[in-house]
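Hello,

Here is the structure I promised to pass on to you. Have a look at it first, and my notes follow just below.

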Amino acid sequence: MKKLFSAKYSAGAVSAAMLLLRLGLGILMMNHGYDKLIHFSEYKDQFISFLGMGKTLSLALAVFAEFFCSLFLVLGLFTRLATIPLIITMCVVIFKINNGQVFAQHESPALYVAGFLVLLIVGPGKVSIDSMIGK
């Protein structure tokens, strides 16, 4: 019972937590990107044109972030670098698509940003390709 209220933690616990966070966020976000990837031609006509880049390029960048960067998260490869496009994409969703609303039905992107920021700050943990190759 005493351990339950303790503020102490071990390196193994932090690595396990980072693994769970990476897998959870990566797999959930990859689902969004996979849907956009396989239905690319359907989405490109209804997607937003962010910063005047055009609908197709905006969708391609969203697919890159949501699918491929999420895959890097799951693998633990280039983890900190992979979180940057994901954070940008979720911020676009929060501020451009949802008009800055982060409550009710619009809270998912804010939760993703919070998790991605933790991964950016803390890193991938010991159970990752980054750790194995010494990054």
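The largest pocket in this predicted model holds about 550 Å³ of space. Its lining is made up of 24 residues, and those closest to the pocket's centre are F47, A62, E66, T89 and V93.

Where does the lining of the largest pocket come from? At least two residues each are supplied by α1 (11-38), α3 (55-75), α4 (79-97) and α5 (108-122). The largest share comes from α4, with seven residues. Sorted by class, the lining has 18 nonpolar residues, four polar ones and two charged ones.

Two of those helices, α3 and α4, are also worth viewing as a pair. In general, two packed helices are described by the angle between their axes and the distance between the axes. Here the axes of α3 and α4 come within 9 Å, and they cross at roughly 150°. An angle over 145° counts as roughly antiparallel, so α3 is roughly antiparallel to α4. Their crossing is left-handed.

If you would like to find the contact on screen, look on the α3 side for F64, A65, E66, C69, S70, F72 and L73. On the α4 side, the residues are T79, A82, T83, P85, L86, T89 and M90. By class, the contact of α3 with α4 has nine nonpolar residues, four polar and one charged.

Two names link both parts of this note: E66 and T89 belong to the contact between α3 and α4, and they are also among the residues closest to the centre of the largest pocket.

Enjoy exploring it!

Best wishes

Technical notes
Residues numbered from 1 in each chain as written. Predicted model: local features only at pLDDT ≥ 70, side-chain atom pairs only at ≥ 80, totals over all residues. Heavy atoms only, no water. 1 Å grid on protein atoms, 1.4 Å probe; cavity = no way out; pocket = protein on both sides within 12 Å on 5 of 7 lines; lining within 4 Å. Points joined across faces, edges and corners; volume = space filled by probe spheres on them. Helix = DSSP H or I, 4+ residues; strand = E, 2+ residues; numbered from the N terminus. Nonpolar A, V, L, I, M, F, W, Y, C, P; charged D, E, K, R; others polar. Axes fitted to C-alpha atoms, helices over the stretch in contact; angles between N-to-C directions. Parallel < 35°, antiparallel > 145°, perpendicular 65-115°, else oblique. Left-handed = near helix turned anticlockwise from the far one by under 90°. Contact = heavy atoms within 4.5 Å.
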